[in-house]
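Let's take a friendly walk through this structure, starting with one whole chain and ending at a single side chain.

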Amino acid sequence: MVSIKINGNLYNVPADYTILKAAEENGIDIPTLCYEEGLTITGACRMCVVEVKGARKLLAACATPVTDGMEVQTESERVVSARRDILRLLIANHDLRCLTCERNGDCRLQDYCYRYQVEDTPYKGAKKEYPIDTDNHFFIRDYSKCIKCGKCVLICAEVNGAHVYDFMERGFDTKVTSAFDDNLQETTCTACGMCVNVCPVGALVEKSVLWQGRPWEVKKVTTTCGYCGVGCQLKLKVKDDRIIGVAAAKSGSNLGHLCAKGQFGWEYVQSNDRLTDPLIKRNGVFEKVSWDEALTYVANRLKAIWQEHGGQAFAGLTSAKCTNEENYLFQKFMRTILKTNNVDHCARL
Amino acid sequence: MNELLNTEVIFLIGANTTEAHPVTGYRIKQAVRNGRKLIVADPRKIELAKYADIWLRQRPGTDIALINGLAHVILRDDLWDRKFVADRSEGFDEWREIVEQYNPKRVEQITGVKAELLEEAARMFGQAERASIVYAMGITQHISGTQNVLSLANLAILTGNVGKEGAGVYPLRGQNNVQGACDMGGLPNYYPGYQLVESEESREKFAKFWGVELPEKVGLTVTDMMDAAYAGEIKAMYIMGENPVLSDPDANHVIEALKNLDFLVVQDIFMTETAELAEVVLPGASFAEKTGTFTNTERRIQRVRQAISLRGNSKPDSEIIVALANKMGHAWSYPRGPVEIMEEIARCTPSYAGISFDRLETRGIQWPCPSPDHPGTPFLHKDTFTRGKGKFHAVHYMPAAEEPDEEYPLLLTTGRNLYQFHTGSMSRRSKLERMRPEELMMIHPNTAREYKLKDKDYVQVESRRGEVQTKIQVTDHIPPGMVFLTFHYKETPTNRLTINATDPVSNIPELKICGVRIKKIKPSLISK
């Protein structure tokens, strides 16, 4: 452990911490754009610069390890001035049509401009304008809004391993894109959508959320993915009782990481094919019936068969897709009411 | 799962992780990028084979020979954990005799894996301080599935890779709650928490707890149920959220069996191929419309929360079961819903005794969790095995139930792809469908040439049990003489081909190997 002073207060933190981590754990908010826990620290955006006593320059909090006796100022005049300049430079080359941006209200760039009262930029000049890429099935790529934080590049390369993105060209012409600037279907992209979830601005946006609602109108419900046994945690984005997308949740072992199924495979829930009423087959055709009729019918059929053949004439398949509570009740039903242990599910398939 | 980042060597066998369990696949790739070693054993050139330090391309169905071969070299080169074996295992000498017969040359004859490569892999695994074994259905879906798993357990005990962080044996579960369905007693021989139906003590415990007499006879597994239904012994079935018509082996037999029932009730969210055969269909709720818990492959019990309202007149599956129990004349009542059901589970299931919805609010808990103040258990067998000492099981290689022959010369193996899931009832109704809208049977270029087939041609695939039509993909992802199909597509119902020969202990069918033959057809013969 080492002791450091942040904004005049003394804290004891593990020696392998960065200033950013030490501050975060003690409830001190340092703004970041390019930092993402678990990815390589690039220190590229400089938003997290802080003043360290004795250091000649401002230091990036994400990339600077703590040392014993260190004294840090996170919101000093010098720090704030530097952050303002960074923001002014960023918005000098940013599509500022925030009015209709899907990330309006949920945008780091916007939040920090507000926090540091940056209304405009003195750096007038050329702006990069790119056509919006809508070629892949799942999300749009609007590079006029990209701030080149590089998090999409890193998460794709370091977590997924697909390494679809990288920086192309240099200087003012720099653009994050795929090999040969190709559309994503032609690359190693596996449609995991993690790039969308780490984008701090409106450059990468799920198609399913477009024009569906403002971020503050969207309820996010943390739950467990319904596909494979990894059990990833995710947040369902819900607007007007409809799922419109998925956001990352960091409370599970998946650490916010998802695959194509968890991120983009949820639409079946709202499919028109969903069964909405109990059905009884009569003369080979299914007819909609009330719950009371259906359950009475099933109970009578089961009772009649039970009286004639006993419990060994029954078998039940419970479900690896249903909850623990449902599975518990199902086997209890088979064992205590139908009196059979003939209960199994697809564990073997 | 994240422990894989802290292991030195990962031995991955019979698991196509990057497609079937993608986020676990990410962890393995991250581990490799961080300098960990990876050994992949798989007949298919899976994505992780490209990340592997050593790729062992064994012939399908020869896993025991391969694993015994690795153990043989580890013993021979004195890379085993003598202290662990002495303190915590039994049956070593008997097992050693068997393993000594699996010298690298013999293993090469059986598996096709070069002796030098096997030795190199054995040294890499044996020399590691902390090594992990990861497997999935490629190990279990064989008639020797149980023995395959036991031979992996032997390897873990031999090298002392049990019960410590960053080591161990990781079975990857396929479905979101297959672990939980097993934990909850959704099995013919177990009550909740793996309490044996055969044990008089457990039976009495549950009879008292539920306040009823309980049947003594151990139940039938799904494959046996289908045989019994076919034979007319099972008269009625209640199927909740399963689609055996597409998921189970020898599908024609399954369809005949279900048609032979006096009464079939299916509870599902879609009119599945199985539901179509039912007399009554009850509309359940999807994971987004109900509350409850799922238990993942690391035994972590996690919350499921309702995000949207129920569709039409559908109901949560738990409410349906309770309502049906009431109609049958049983006064079941859970007015507080799943919270209250979990309280009952905790009272009768020792490994879930400390679980409650409140405790799962911010993060899941790994069972065993025996009391409300217990933090959960990240890894098992730390100081002792469940049975006391770890047992070496002497297991021999045995051939598959149906190897390719002159009549059916190609070996069919089955699995999943990244963009679809299981029988496709969920994934095919989402945008994922656009990524992979149809089956593409994988076939090696040499085999394709023999049959005068080009990429994207159509073939009819026939086995002794049925036939399906499919488009093909010519690729060296699989070796010559082998073809690969998924079971996601109802247009290509692969399980009409597969065999329902099962492992005698686990009853898992041998979905990974059967003999097929193919012939070229015109695309028009494929029905959508």
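How much area does chain A expose, and what share of it do carbon and sulfur atoms supply? Chain A exposes about 14,700 Å², and 49% of that comes from carbon and sulfur atoms. Please keep in mind that this is a predicted model.

**Chain A as a whole**

Chain A is built from eight helices and 16 strands. Its radius of gyration is 27 Å, well over the 20 Å that the globule rule gives for 349 residues, so chain A is more spread out than a compact globule. Along the principal axes, its C-alpha atoms fill a box of roughly 90 × 50 × 35 Å. Even so, 59% of the 349 residues of chain A count as buried. Among the contacts in chain A with a separation of 6 or more, 58% are between residues 24 or more positions apart. As for charge, chain A carries 44 positive and 43 negative side chains, and the centres of these two sets lie 2 Å apart.

**Two helices of chain B**

Now to chain B and its helix α10 (residues 145–158). With 14 residues at 1.5 Å a residue, α10(B) should span 20 Å, and its end C-alpha atoms are indeed 20 Å apart. Of those 14 residues, 10 are buried, so α10(B) is largely enclosed by the rest of the structure. Among the buried ones are L152(B), L155(B), I157(B) and L158(B), along with N148(B) and N154(B).

Helix α16 of chain B covers residues 317–327, and its buried residues include I320(B), I321(B), V322(B) and L324(B). What covers the buried residues of α16(B)? The cover includes α7 (291–309) and α8 (324–337) of chain A, together with elements of chain B such as β9 (236–240) and α17 (338–348).

Each of these helices is followed by a glycine with a positive phi, as the table shows.

| Helix | Glycine after it | Phi |
|---|---|---|
| α10(B) | G160(B) | near 70 degrees |
| α16(B) | G329(B) | about 95 degrees |

**A closer look at M426(B)**

M426(B) sits in the loop between β16 (410–415) and β17 (440–443) of chain B. Is M426(B) buried or exposed? Its relative accessibility is 8%, and M426(B) therefore counts as buried, the cut-off being under 20%. Setting aside neighbours within four places in sequence, M426(B) is in contact with G226(A), Y227(A), Y268(A) and K321(A). Within chain B, the C-alpha atoms of M426(B) and F270(B) are separated by 8.8 Å, although the two are 156 residues apart along the chain.

Methods. Residues are numbered from 1 along each chain as its sequence is written. Chains are lettered from A and ligands numbered from 1 in the order in which they are written. This is a predicted model: local features need pLDDT of at least 70, side-chain atom pairs count only at pLDDT 80 or more; totals for chains, interfaces and linings use all residues. Side-chain values use heavy atoms; hydrogens and water are left out. Helices (H or I, at least four residues) and strands (E, at least two) are DSSP runs, numbered from the N terminus. The radius of gyration is taken over C-alpha atoms; the globule rule is 2.2 Å times the number of residues to the power 0.38. Buried means under 20% relative accessible area, exposed over 50%, partly exposed in between (1.4 Å probe, protein chains only). Contact means heavy atoms within 4.5 Å. Accessible areas come from the Shrake-Rupley method with a 1.4 Å probe; for residues, only the protein chains shown count as cover. Lys and Arg count as positive and Asp and Glu as negative; His and the chain ends are not counted. The place of a charge is taken as NZ of Lys, CZ of Arg, CG of Asp or CD of Glu. The expected span of a helix is 1.5 Å times one less than its number of residues.
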